Amino acid sequence: MRKIILLVTLFLTNNLLAQPVLPNYADSLFSTYYWQRATLFQTLPKHNSDIIFLGNSITDGAEWSEIFNDIKIKNRGISGDISAGVIKRLPNMVEGKPAKIFLLIGVNDLSRNISVDSIFTNISLIANYIHYYSANTKLYVQSILPVSDYYKKFSTHSTKTNLINQLNTLLKNNAEKLNYTYINLHDYFTDENGKMNPSLSNDGLHLKGDGYMLWKHIVFPYVYNVEIKPALIPYPKTIIWNEKLFPFYKVKIVTVNNEALLKLNINKILNKKFEIQLNKTNNNTSPNIAINITNVNAPLLKEEAYQIHIDENTLTINANTVKAAYYALQTIKQLARDEVYINGCNITDWPSFEWRGYMTDAGRNYQSLEFLKQQIDKMSNYKMNIFHFHITEDLAWRWQIKKYPQLTNAENMLRDKGMFYSVDDIKELIKYCNDRFITLVPELDMPGHSAAFTKAMGCNMQSEEGKKIIANILDEIFNTYSFSYFHIGADEVKITDTTFIPFVQKILEAHHIKVIGWKPGGNFNNNTLLQLWNGNEKLKKGFKYIDSRHLYLNHFDPFESAVTIFGRKICDVTEETNEANGAEICLWHDRRVQNENDLIRMNAVYPAMLAFSEKVWNGGGDDGYITNISQLSNSNKKLFKIFEDRMMEHKQLYFQCTAFPYYTQSNNVWKLVGPFYNNGNLSDKFKLDTMSFEQLYQLATQTEIGNTIILRHWWNPTVTGVLKNPKENTTWYALQKMWSDTDCIQPFWIGFNNISRSTATTVPALNTWDDRQSSIWINGNKIKPPVWVNANQKIDLETPLTNEGYEYRTPTFVSLKKGWNEILVKLPVANFTGKDWQNPVKWMFTVALLKNN
């Protein structure tokens, strides 16, 4: 058999670039066990999402789908297999065009004295065959593992150390040429003599459980397309990595030095079953975790500061408070992404702002407790600490007041009738937040947004009778719940009684509760914590502020959202000051929703939340309000790219079961050509329309980056787009060259007007993308717009959105050719005023290939 393999590999050496032809090995050359496994693999279902581990007994010995807790991962190892055996069954492996193949083969070849060159040639053939017949399959070639003679077994294997090293060098040096990713397993498994570490094997060749855990840790980033080191969000103030690996899966005991730490649900946070010990010295030699309340130096907000030290034996958390220890555990949870090993490091961390909030509007659209808890959980994972709960509105009063049951009667509601939060519901939410070191801040909006109150009570809040009722409501609330803060709204209303706000504030202050109100808004006193919502408002000395200017998620395009939030300078400063307390992102979805999950998907809540947590924890940022990557300062452009890579890892690992409408955009480059005056004729044609793509490309005067490019924002000049001096009655062109490895059909998000979810914006006419006659061509083929579900209908706020936004409709599928593809976008505009205030002009386009990285 060795002669046959040698002849075939020699013949193939000069033919690797041609259509690969596999040798026809006789079935009799392979063992009974080989055929038992190979024929089983032939019968099993195949899917293009499969991740295949392909190899010999070392691969065969693992339960890969259980190790990764992922049914997509398939074991295709066969004990005793050699490179020729893999070649023999290769057509079956690529039949389903799997997403990835992890190959480990060669040590049994060496034991049979097959030469290094012959083995390498066979592996080269395997690589070429996979690339030719399954071009989209990513191939990972893993190094040959070391073998040890410690156990006096496998003598024909254990004497091949030098040959193993030679073969690994060949595999590493030819990875780029043969278009595979080389993974160095070998060096992690060696002892000081370059042999298999005896602790990882019980025969010198095959792995024990500890060996497979180490293997999982090494390949985890490649299996899930993530960075080698875990992506942390928010990123710690300081982190220094070391080369140690802490075996997290071996930990049995967690020691704490303070009884207050026992309130932390450590096992739930880390998804483990540790024994928690108080004030005990861990004399066990096994790896251990220690959490201590101690003194951690920090220049700001010391109450939330913590340190982490991780080496091969210990994981130590030092924190100033239990809350800070909780935040440290959130960092540990991200570091322990593969649940087996944690990379060694030293971390010192603290926040830049104290107030790190998220507001959701459950007054307009009722949200179930479980759905609210999902959002609170995500907040806590990213060290956010304020849950602002807006639950009274014109449409409905959703807070149970036992003295006035008519407030929550169905007949007094205009939407989601009869749906409200009982006393027990509110108490449950408060506890749920408290357990996660989040402060629940309720908002009882008054005297504005109170039509439901007026309908139920038969009087206006600002009337004398209304004030008496409000006093009774507040008395009941403060005798039922314990709140540190209370938001009274007071914006978007005509104050007819100038004593109303002082009257309410006096009640709250008598209960030692901090008052929060919107600014611009009511006539508040100097003790009020003011929440800014208008982009033109500035901070003034003597007041304390929460920044929500241009942080309303309902107005953002998903790609715009991440960029503008990341680029922000919270409260116009880089870190907390006497006036600048922090910020909140706000979700105001005025339109009725068909399903509560639409709130998360249509407003890209979780990508925004991650960008916000990064920003409000670490501070910094640029002045002003921007919309596009190119508008960031050079330093923040680089930081955004790094952050985006981390965010995509979190999408992959932690948001698989919920909407996360975001894809990488930092490498998406556009060329802009314009302006060309159209005199208000949106269908006007120009000489450029007859030019070739390449001719037009050469005329480009501006380069932009991103999946969404906003030429002019509807709030210009407060919020700026990429055009420094946008003009009405002009047309611009955008061009991009996009590479594809194969001829294929790919999903795209394409759009020209990502409408606000707070306005009754009309739907474009059928067969148009928008009201501006925008168009897009890919490789000269004009792309058809969606069939608008709500076209030709009268639109109001009770009309749920259906397919108006690209992020919540079926993607547009486009044929791409192998090589460079040409994308051309035509962007006419007439005036910037729009039809009315419900239809503001946001001059923009989105073209996004739906790939995570």
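The largest nonpolar core of this predicted model has 99 residues, and Ile 473 and Phe 486 are those with the most contacts inside it. Helix H22, residues 605-618, gives the most to this core, contributing eight residues. A second core lies apart from it and has 75 residues, with Leu 90, Ile 105, Leu 125 and Phe 189 among them.

The surroundings of Ile 473 can be listed directly. Residues up to four places away in sequence are not counted here; beyond these, Ile 473 touches Trp 397, Ile 401, Tyr 404, Leu 407, Leu 444 and Phe 453.

Next comes a sheet. Five strands form an open sheet in the order E2-E1-E3-E4-E5, and the pairing is parallel. Strand E2 (73-77) and strand E5 (181-183) are the edge strands, each pairing on one side only. From one strand to the next, the twist averages 20°. Strands of a sheet pair through backbone hydrogen bonds, in either a parallel or an antiparallel sense. Between strand E4 (residues 138-142) and E5, the parallel pairing runs over three bridges. Tyr 140 has Thr 181, in E5, as its bridge partner. Helix H12 (residues 209-223) packs on the sheet and touches strand E1 (51-55), E2, strand E3 (100-104), E4 and E5. The direction of H12 makes about 145° with that of E3.

Farther along the sequence, His 550 sits in the loop between strand E19 (544-547) and helix H20 (558-567). Is this loop residue buried or exposed? His 550 has a relative accessible area of 9%, and because the limit for buried is under 20%, His 550 is buried. Its contacts, leaving aside neighbours within four places in sequence, are Trp 533, Phe 556, Glu 560, Thr 564, Arg 568, Tyr 625, Ile 626, His 713, Trp 715 and Val 719. Of these, Glu 560 and Thr 564 fall within the residue range of helix H20 (558-567).

The cysteines remain. A disulfide is a covalent bond between the sulfur atoms of two cysteines. The count of disulfides in this model is zero. Cys 571 is in no disulfide: the nearest cysteine sulfur belongs to Cys 586 and is 12 Å away, whereas a disulfide needs the two sulfur atoms within 2.5 Å. Cys 571 counts as buried, at 2% relative accessibility. Cys 459 also counts as buried, with a relative accessibility of 11%.

Notes:
Residues are numbered from 1 along each chain as its sequence is written. This is a predicted model: local features need pLDDT of at least 70, side-chain atom pairs count only at pLDDT 80 or more; totals for chains, interfaces and linings use all residues. Side-chain values use heavy atoms; hydrogens and water are left out. A nonpolar core is a set of buried Ala, Val, Leu, Ile, Met, Phe, Trp, Tyr and Cys residues joined through side-chain atoms within 4.5 Å. Buried means under 20% relative accessible area, exposed over 50%, partly exposed in between (1.4 Å probe, protein chains only). Helices (H or I, at least four residues) and strands (E, at least two) are DSSP runs, numbered from the N terminus. Contact means heavy atoms within 4.5 Å. Two strands pair if DSSP finds at least two bridges between them. Axes are lines fitted to C-alpha atoms, for helices over the stretch in contact, and angles run from 0 to 180 degrees between N-to-C directions.
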